[in-house]
Structures are given as C-alpha cells and as structure tokens.
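Got your viewer open? Let's take a short walk through the empty spaces and the cysteines of this protein.

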Amino acid sequence: MVMKYLDPKADLTFKKIFGNHPKRLISLLNALLPLSEEEQIHEIKYLPTELVPQLEGGKNTIVDVLCTDVRGRKFCVEMQMEWSDAFQQRVLFNASKLYVSQAKKGGKYSELQPVYSLNLINDIFAHDTPDFIHNYRIVHDKDSNKVIEGLHFTFIELPKFTPHSIADKRMMVLWLRFLTEINSNTKEIPSDLLNDPEIGKAVEDLEVSGFTDAELRAYDKFWDSVSVERTLLDDRYQKGMEEGMEKGMEKGRAEGKHEANTETAQRLLAMGLSAEQVAKAIQLPLEIIKNLSNS
C-alpha cells in the first residue's frame with residue numbers, strides 16, 4: 001500500500017506543520033488553550049526552541065515549538081508520544097525557565113508575562129477520569145478562585161478524544177481530529193477539515209510527495225524508535241507487575257506465619273505456660289507474648 005499522507009504526530013511532521021506557520025499555530029493555540037475572548041492570541045513571533053540556562057552549568061533543553069505574542073506572553077508546544085513522570089517534570093522545568101528568563105537586571109517583577117505550556121500526549125496517563133483535557137494553574141488549596149497568575153499548563157490525552165465530547169468548540173474539535181484521524185493509512189481527508197483554511201494547508205503539508213527521501217527515512221526511523229520505546233515500557237511494566245505479585249505473595253506468607261504463631265502462643269498461655277517459656281518455644285519476641293497475655 002502506497003502512503004499518501006504522513007502522521008502529523010511524528011516529530012518531523014509536527015515541526016513542519018507548526019514550526020514556521022504563525023497563523024496556523026495561532027489557530028491551534030486559541031483552539032486548545034483555555035483562553036477567554038480577551039486573552040485570544042492575534043500575532044506571534046517564533047523563538048529559538050533551545051532553552052539556554054541563564055546560569056553557567058545549567059541544563060539546556062529543546063522544545064518542539066516556542067513563540068511569544070505582542071503582549072510578551074510565551075507559548076511552549078510539545079508533542080509527546082509516551083507519558084512519563086520525567087516528561088511532566090521537564091514540562092514544569094521548561095515553563096519555569098521561560099518565566100524566569102524574562103527577568104532582566106533592574107526590571108520589575110510586575111512586568112513578567114504569563115507562560116502557557118501546551119502538551120499533546122499520544123498516550124493515556126489519567127486512568128481515573130474520562131476527561132482528556134487537563135488544565136493546571138497555581139491555585140489556593142482551599143479556594144480555587146484564588147489564583148497566582150504566571151504559569152499555565154495544558155495536557156491533552158489524544159487517545160481519549162472523541163469529537164462528540166466537545167461539540168460546542170468547533171476549532172478544538174477540528175484540530176484534534178486533524179491530529180488523531182490522519183495517519184499513513186489515510187486515503188481521503190474529510191471535507192470539514194479541508195474547508196478550514198489553516199487546517200487545509202496543514203493537510204497539504206502532510207502529503208508524502210512534499211517530503212524528500214531523507215525526510216521519509218527520518219520519519220520511518222522516528223516510528224521505529226517509538227516502537228522500541230513502547231516495547232521497553234511494556235517489558236518494564238510486566239516485570240514490575242511480576243515483582244509486585246511475588247512481593248505480595250511473600251508478604252502474605254509472612255503474615256500467615258505470624259498469625260499461626262500468635263494463635264499457638266495464645267493456646268500455650270491458656271495452658272498456664274509463662275510468657276518467657278512461650279517466647280522461647282515459638283521464637284516470638286517476649287514483648288509480643290506479654291501483650292498477648294495481657295489482652
């Protein structure tokens with residue numbers, strides 16, 4: 001089967017689609033971030049995706065797409081294939097670095113602008129809820145209406161998305177459909193995706209004919225690495241499950257042995273043996289036997 005389109009979630013395609021098309025990125029951000037009408041983004045400028053530490057010896061990190069708008073707000077976008085606690089910590093680290101990097105010598109803290117971190121995850125990490133969009137801010141632990149502005153985090157679990165779940169937000173639905181419905185098996189693109197100007201252009205950028213042989217090899221290599229990573233994660237999960245079951249069985253055996261010894265000790269005490277004699281006979285600590293004799 002000859003491919004007609006590439007999957008937009010791959011590293012190569014995602015950066016091609018959103019890394020150099022301001023109107024397209026603005027449409028995505030306005031659709032997926034929890035922005036009010038007054039907070040909508042109208043103009044952006046791309047920033048270098050390598051975040052260099054201000055202090056010597058600090059950690060360099062690279063993000064997928066990074067931009068700022070005319071207000072000075074920073075927007076960091078990441079496409080992640082697998083969920084991990086390490087990724088969550090990296091997101092926090094990068095957003096914090098972006099916020100701190102605004103502080104200039106002699107500047108005012110009141111001039112610092114918010115940082116928005118949008119993270120698209122092709123994995124499920126919140127198994128206890130059907131919600132697939134998770135928005136975080138710094139809020140009071142007893143009153144969520146009390147907010148410290150500055151850092152905003154959005155995590156979207158793409159596998160949970162279904163179009164009917166958010167029918168009232170048309171552009172959000174269209175962009176999430178674009179990210180979840182198009183892949184290497186796609187032959188025809190739904191008309192409602194093509195009819196949106198920015199999404200239609202993004203679809204054109206996914207056509208295989210627009211990629212060089214080197215880019216297609218890089219695309220295949222990306223999915224190979226994803227497959228290897230998933231296999232390793234599955235193996236670690238299975239090993240963890242087996243070790244957990246073994247530890248549970250060992251604990252159960254230990255608890256059963258302790259319960260049996262306790263019952264034996266109680267019978268010996270009832271027969272008139274001293275606590276010292278019972279402790280010596282069944283090899284339980286004297287303090288435990290004394291507690292049994294007093295109960």
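Our starting stop is the lining of the largest pocket, which by class holds six nonpolar, two polar and eight charged residues. Here Ala, Val, Leu, Ile, Met, Phe, Trp, Tyr, Cys and Pro count as nonpolar, Asp, Glu, Lys and Arg as charged, and the others, Gly among them, as polar.

Before you click further: this is a predicted model, where local features need pLDDT of at least 70, side-chain atom pairs count only at pLDDT 80 or more, and totals for chains, interfaces and linings use all residues. Residues are numbered from 1 along each chain as its sequence is written, and side-chain values use heavy atoms, with hydrogens and water left out.

**Stop 1: the pocket**

Select Asp 11, Asp 64, Met 79, Gln 80 and Phe 222; of the 16 residues lining the largest pocket, these lie nearest its centre. The space inside is about 330 Å³. (On a 1 Å grid over the protein atoms alone, a pocket is an open set of points with protein on both sides within 12 Å along at least five of seven lines, a cavity is a set where a 1.4 Å probe fits but cannot get out, and lining residues have an atom within 4 Å of a point. Points are joined across faces, edges and corners, and a volume is the space filled by probe spheres set on them.)

Now colour helix H1 (11–18), strand S5 (74–80) and helix H7 (213–270), which each supply at least two lining residues. H7 gives the largest share, four residues. (Helices, H or I with at least four residues, and strands, E with at least two, are DSSP runs numbered from the N terminus.)

**Stop 2: the cavity**

How many cavities of 30 Å³ or more does a search of the whole structure find? Just one, and the largest cavity has a volume of about 40 Å³. To see its walls, select Cys 76, Glu 78, Arg 90, Val 91, Asn 94, Ala 95, Ser 117 and Asn 119. S5, helix H3 (85–100) and strand S6 (115–121) each give two or more of these, with the largest share, four residues, coming from H3.

**Stop 3: two cysteines**

Keep Cys 76 selected and add Cys 67. A search of the whole structure finds zero disulfides (pairs of cysteine sulfur atoms within 2.5 Å). For Cys 67, the nearest cysteine sulfur, that of Cys 76, is 9.2 Å away. Are they buried or exposed? Cys 67 counts as buried because its relative accessibility is 0%. Cys 76 is buried too, at 4%. (Buried means under 20% relative accessible area, exposed over 50%, partly exposed in between, with a 1.4 Å probe and protein chains only.)
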